[in-house]
Amino acid sequence: MTTLAQAEPRQAFDAWHGAYFACLVLIVLIFSQAWVFPILGDKGDPSASGLVRSLFIPAYAAALLIALASPWRTLSAVARQPFLIGLMLIV
């Protein structure tokens with residue numbers, strides 16, 4: 001008779017998981033650029049504005065925080081994506 005593998009118990013949702021989730025939501029909201037037109041208006045050029053470029057810094061900091069919070073998981077994810085890393089090195 002075969003048995004099903006036992007599922008690992010889930011970790012409780014604590015303040016750290018809430019902070020990681022908030023960082024992920026922040027990254028999605030910043031890179032969606034839904035906030036660019038309310039700041040610059042319809043005639044503003046997002047690519048020429050230094051304000052828009054500087055508002056991406058919190059997204060980079062949040063991504064770095066998430067990567068540094070679990071370095072082994074980050075390294076294992078990078079090791080599984082050699083073609084993506086190659087494309088990033090080209091650009």
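**Exercise 1. Work out how much surface the chain exposes and which atoms supply most of it.**

Solution. The chain exposes about 8,000 Å², and carbon and sulfur atoms supply 70% of that. Accessible areas here come from the Shrake-Rupley method with a 1.4 Å probe, and for residues only the protein chains shown count as cover.

A word on ground rules: this is a predicted model, where local features need pLDDT of at least 70 and side-chain atom pairs count only at pLDDT 80 or more, while totals for chains, interfaces and linings use all residues. Residues are numbered from 1 along each chain as its sequence is written, and side-chain values use heavy atoms, with hydrogens and water left out.

**Exercise 2. Describe the overall dimensions and the elements of the chain.**

Solution. Start with the radius of gyration, taken over C-alpha atoms: the chain has 19 Å, whereas a compact globule of 91 residues would come out near 12 Å. The globule rule is 2.2 Å times the number of residues to the power 0.38. Next, the box: along the principal axes, the C-alpha atoms fill roughly 70 × 35 × 25 Å. Then the elements: there are six helices and zero strands. Helices (H or I, at least four residues) and strands (E, at least two) are DSSP runs, numbered from the N terminus.

**Exercise 3. Find the largest nonpolar core and say which elements build it.**

Solution. First, burial: 11% of the 91 residues count as buried. Buried means under 20% relative accessible area, exposed over 50%, and partly exposed in between (1.4 Å probe, protein chains only). A nonpolar core joins buried Ala, Val, Leu, Ile, Met, Phe, Trp, Tyr and Cys residues through side-chain atoms within 4.5 Å. The largest one has nine residues: Cys23, Ile27, Ile30, Trp35, Val36, Val52, Phe56, Ala59 and Ala62. H1 and helix H4 (57–69) each give two or more residues to this core, and the largest share, three residues, comes from H1. Now zoom in on tryptophan 35: apart from neighbours within four places in sequence, its contacts (heavy atoms within 4.5 Å) are Leu29, Ile30, Val52, Leu55 and Phe56.

**Exercise 4. Place valine 25 and glutamine 33, and decide whether each is buried, partly exposed or exposed.**

Solution. Valine 25 lies in helix H1 (residues 15–32). Because its relative accessibility is 34%, valine 25 counts as partly exposed. Glutamine 33 sits in the loop between H1 and helix H2 (36–40). It's partly exposed too, because its relative accessibility is 35%. Check the backbone as well: phi of glutamine 33 is near 60°, a positive value in a residue other than glycine.

**Exercise 5. Locate isoleucine 90 and give its distance from arginine 73.**

Solution. Isoleucine 90 belongs to helix H6 (residues 82–90). With a relative accessible area of 69%, isoleucine 90 is exposed. Arginine 73 is 17 residues away from isoleucine 90 in sequence and 24 Å away in space, C-alpha to C-alpha.
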